[in-house]
Amino acid sequence: MRQLKELVRKNIWALKPYSSARDEYSGHVAHVFLDANENPYNGPYNRYPDPLQHEVKDALSRIKGVSSDCIFLGNGSDEAIDLVFRCFCEPGIDNVVAIEPTYGMYKVCADINGVEYRPVLLDANYCMSSSAVLSACDKYTKVVWICSPNNPCGNDIDREEIKKVIEGFSGIVVIDEAYSDFSAQKTFRAELDAYPNIVILNTMSKAWGCAAIRLGMAFASKEIIGIFNKVKYPYNVNLMTQQKALEILQANADVCHWVNILLEERHRVIAAFKELPICVKTFPTSANFFLAKVSDAQGIYDYLVDKGIIVRNRTNVQLCDNCLRITIGTRTENNELLGALRTYTANN
Ligand SMILES: *Cc1c(COP(=O)(O)O)cnc(C)c1O
């Protein structure tokens with residue numbers, strides 16, 4: 001790996017972060033707060049929230065097996081994705097490499113930040129070739145983006161191939177594991193000590209059932225986390241989100257239960273989907289959704305919308321011609337989808 005100092009943008013490396021009122025008395029126990037121009041009435045909403053979300057990180061640390069100072073929390077993973085660009089990529093000079101197809105936010109953030117985005121096409125089975133990814137990198141490549149399980153394809157990216165990218169690239173490798181709770185593949189969180197150049201993304205939006213509270217996380221070396229912390233907005237995660245997150249993290253058992261039901265339903269829905277005449281093929285999945293090639297993606301999509309059932313039409317995405325991405329819902333919702341598709345078949 002190149003030195004972190006060479007990877008981080010010069011202005012960010014030199015940045016002296018905003019020091020909030022609550023940062024400055026650290027270590028002392030206080031009970032009269034006349035430092036932040038808050039209103040003394042309307043507790044607890046009158047007070048600024050903990051800028052570094054210590055309680056949530058401690059709970060996450062126990063569940064994820066990563067030490068608190070190696071965790072960054074943001075307003076969804078989207079904040080972490082944007083921070084990676086703002087911290088590492090010099091607009092107009094640096095570039096990033098990503099697998100294609102993948103989650104759309106990496107390219108949107110690259111475009112917003114004026115950073116060249118180099119997509120590297122997966123093969124027909126949505127597998128990544130580490131050598132193709134590495135040969136797309138040059139001395140201006142700061143970040144490689146890998147999403148596993150990948151969105152919209154659903155498959156795990158081969159762990160050995162990911163390792164070859166991490167070991168063969170001297171910049172930052174981001175591994176977005178938003179769906180890892182649904183996958184049997186080993187997470188890269190456990191490899192933080194071995195690889196100082198990785199950033200792992202997780203989110204409360206999928207397995208944890210909390211997309212509304214907007215809480216995403218990054219796991220990385222404490223040096224990288226320190227850089228994210230100095231660039232982020234001081235109070236980027238609000239009090240209600242921190243409270244709700246603590247609540248759901250304590251209900252860990254419910255989450256495991258949900259995941260197990262969704263995995264069973266995934267198995268059942270895919271088996272039934274394969275029997276439909278509209279199904280050309282379904283792709284292997286390790287997430288809470290599956291990608292299916294169908295006879296007429298646009299026609300089926302429109303038909304389902306008309307019935308009030310929304311799936312994701314991915315037909316215009318490279319390698320996803322005539323593909324629909326279907327999220328696993330409750331048993332009732334899944335049956336409604338399958339029923340509607342049987343009616344479509346009967347009428348078309
Ligand atoms: C859904 C999803 C996320 C989650 O983003 P949030 O901003 O945390 O809701 C991140 N990465 C991928 C690949 C996703 O599909």
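Student: What makes the approach between a nitrogen atom of the ligand and the side chain of Asp 176 a polar contact?

Tutor: A polar contact is a pair of N or O atoms within 3.5 Å, and within protein one must be able to donate a hydrogen and the other to accept it, while residues adjacent in sequence count only if both atoms are side-chain atoms. In this structure a nitrogen atom of the ligand is 2.7 Å from an N or O atom in the side chain of Asp 176, so the pair meets the 3.5 Å limit. An oxygen atom of the ligand is also 3.2 Å from an N or O atom in the side chain of Lys 206, and an oxygen atom of the ligand is 3.2 Å from a polar backbone atom of Asp 78. Taken alone the ligand exposes 390 Å², of which the protein buries 94%, with accessible areas from the Shrake-Rupley method with a 1.4 Å probe, where for residues only the protein chains shown count as cover.

Student: What are these values computed from, and how are the residues numbered?

Tutor: This is a predicted model, in which local features need pLDDT of at least 70 and side-chain atom pairs count only at pLDDT 80 or more, whereas totals for chains, interfaces and linings use all residues. Residues are numbered from 1 along each chain as its sequence is written, and side-chain values use heavy atoms, with hydrogens and water left out.

Student: Which residues come nearest to the ligand, and how is the shell around the ligand divided?

Tutor: A residue is near a molecule or strand if one of its heavy atoms lies within 4 Å of it; of the 14 residues around the ligand, Asp 176, Tyr 179, Thr 203, Lys 206 and Arg 214 come nearest. The shell divides into five nonpolar, five polar and four charged residues, where Ala, Val, Leu, Ile, Met, Phe, Trp, Tyr, Cys and Pro count as nonpolar, Asp, Glu, Lys and Arg as charged, and the others, Gly among them, as polar.

Student: Why is Ala 272 called buried?

Tutor: Buried means under 20% relative accessible area, exposed over 50%, and partly exposed in between (1.4 Å probe, protein chains only). Ala 272 has a relative accessible area of 18%, and is therefore buried. Ala 272 lies in helix α10 (residues 252-274), where helices (H or I, at least four residues) and strands (E, at least two) are DSSP runs, numbered from the N terminus.

Student: How do you know that strand β4 pairs with β5?

Tutor: Two strands pair if DSSP finds at least two bridges between them. Strand β4 (residues 141-147) and β5 have five bridges, in the parallel sense, and Ile 146 stands opposite Ile 175 in β5. The chain crosses from β4 through helix α7 (residues 159-168) to β5, a right-handed β-α-β crossover; right-handed here means that, with the strands pointing away from the viewer, the path from the first strand over the helix to the second runs clockwise.

Student: What joins β5 to strand β6, and which residue is the bridge partner of Ile 175?

Tutor: Four bridges join β5 to strand β6 (residues 198-203), and the two run parallel; the bridge partner of Ile 175 in β6 is Ile 200.

Student: What makes β8 and β10 edge strands?

Tutor: An open sheet of four strands has the order β8-β9-β11-β10, with antiparallel pairing, and β8 (279-282) and β10 (312-313) each pair on one side only.
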